[in-house]
Number of protein chains: 2
Amino acid sequence: MRNPNAFAAACPSREVLARLGAKWASLIINKLNEGPVRFTDLLEQVEGISKKMLTQTLRDLERDGFVTRHLDASRMPVQVDYALTGLGRSAVPIVMTAKEWAEANFESVLEARQRYDSRKN
Amino acid sequence: MRNPNAFAAACPSREVLARLGAKWASLIINKLNEGPVRFTDLLEQVEGISKKMLTQTLRDLERDGFVTRHLDASRMPVQVDYALTGLGRSAVPIVMTAKEWAEANFESVLEARQRYDSRKN
DNA sequence: CTGAATCCCGGCGGATACTG
DNA sequence: CAGTATCCGCCGGGATTCAG
């Protein structure tokens, strides 16, 4: 495609944008940026995520080439860890910046929200 | 808050992350970065969005301090345009980078997806 | 032109239980 | 440990209609 443009309804880049914007995806990518992480570790370090959503989000990220899954069957019990691919690493600046921006500016957002809510009603 | 951390379940930064990740938010912010835009123009330039979701997303963004709404009642029919606030502009690098990354890498994503799908049966 | 109000459906996502 | 399998509530989001 010559001119990929997310403003266009049919452009596949929108799906990619949706992937990155998915509820847990950016947090998982941020965490995997620290290095390979095991399933259970992700489960407890990305607080509040359920097994189901962790599995599902990891599958989506694996399918879209952001993440690789490595199973070590020599271990008992089985051990699995996930790591970023080159593509996944190239997306890190985006999700990391987003996370940091959110952490740095959430107070401003909450204040704006209060002003808005007290002004209306 | 001393140590805002989006990995923590209770951290409000997660709401902010959700705002930016919402289906239409990043596209709208990207478009508003070109300057103030009228409702109808947004409606046709952010292809595929419905009136309902445009209104709703703009309200959310306004409430959270990303966007200002300006009504010009001297016009007939009424004319409304939306613009970014300082906070909104500070978020532009994130959503712009995300959009550009998606446009630049969606082919890699689609290829990975095909490999994944053909490998599994 | 810029919405608000309804109706409605698919699916995201949580809770829980079961498995190799 | 690392998932799968169900069940199900909620709400994101589209279509449509009405209004100032």
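# Notebook: two protein chains and DNA strands C and D

**Entry 1, strand C.** I began with the surface near DNA strand C, where α4(B) gives the largest share, four residues. By "near" I mean that a heavy atom of the residue lies within 4 Å of the strand. Element names follow DSSP runs, numbered from the N terminus: helices are H or I runs of at least four residues, and strands are E runs of at least two.

I note the ground rules here: this is a predicted model, in which local features need pLDDT of at least 70 and side-chain atom pairs count only at pLDDT 80 or more, while totals for chains, interfaces and linings use all residues. Residues are numbered from 1 along each chain as its sequence is written, chains are lettered from A and ligands numbered from 1 in the order in which they are written, and side-chain values use heavy atoms, with hydrogens and water left out.

I listed the residues around DNA strand C and got 17, of which K23(A), K52(A), T40(B), R69(B) and Y82(B) come nearest. Of the atoms of DNA strand C that come within 4 Å of the protein, 62% belong to sugar and phosphate. I then looked up which elements supply at least two residues each to this surface: they are α4 (51-63) of chain A, and α3 (39-45), α4 (51-63) and β3 (79-84) of chain B.

I sorted the surface near DNA strand C by class and found seven nonpolar, three polar and seven charged residues. The classes are these: Ala, Val, Leu, Ile, Met, Phe, Trp, Tyr, Cys and Pro are nonpolar, Asp, Glu, Lys and Arg are charged, and the others, Gly among them, are polar.

**Entry 2, polar contacts to strand C.** I took a polar contact as a pair of N or O atoms within 3.5 Å; within protein, one must be able to donate a hydrogen and the other to accept it, and residues adjacent in sequence count only if both atoms are side-chain atoms. K23(A) has a polar side-chain atom 2.8 Å from a phosphate oxygen of DNA strand C. For K52(A), a side-chain N or O atom is 2.3 Å from a base oxygen of the strand. K51(B) also has a polar side-chain atom at a base oxygen of DNA strand C, 3.2 Å away.

**Entry 3, strand D.** Which residues come nearest to DNA strand D? I found T40(A), K51(A), R69(A), Y82(A) and K52(B), out of 18 around the strand. Sugar and phosphate make up 62% of the atoms of DNA strand D within 4 Å of the protein.

The side chain of R69(A) puts a polar atom 2.2 Å from a phosphate oxygen of DNA strand D. R59(A) has a side-chain N or O atom 3.2 Å from a phosphate oxygen of the strand. With K52(B), the partner is a base oxygen of DNA strand D, 2.3 Å from a side-chain N or O atom. Two or more residues of the surface near DNA strand D come from each of α3 (39-45), α4 and β3 of chain A, and from α4 of chain B. The largest share, four residues, is that of α4(A). By class I have seven nonpolar, four polar and seven charged residues near DNA strand D.

**Entry 4, how the chains relate.** I superposed chain B on chain A by least squares on the C-alpha atoms of residues with pLDDT of at least 70 in both. The rotation is 180 degrees with 0.0 Å of shift along its axis, and the RMSD is 0.0 Å. That is how a two-fold axis relates two copies. G21(B) has the C-alpha of chain B nearest the axis, at 2.0 Å. Counting contact as heavy atoms within 4.5 Å, I found that 100% of the contact residues of chain B recur in chain A, so the same surface serves both copies.

**Entry 5, the sheet.** In chain A, three strands form an open antiparallel sheet in the order β1-β3-β2. β1 and β2 of chain A are the edge strands, each pairing on one side only. Pairing takes at least two DSSP bridges between two strands.

Two bridges join β1 (residues 37-38) of chain A to β3(A): V37(A) partners Y82(A), and R38(A) partners D81(A). β2 (residues 67-72) of chain A has six bridges to β3(A), with V67(A) partnering L84(A). A hairpin of six residues connects β2(A) to β3(A).

Is β3 of chain A largely enclosed or open? It is largely enclosed by the rest of the structure, because five of its six residues (79-84) are buried. Buried means under 20% relative accessible area, exposed over 50%, and partly exposed in between, with a 1.4 Å probe and protein chains only.

In chain B, β2 (residues 67-72) and β3(B) run antiparallel with six bridges, and T68(B) stands opposite A83(B).
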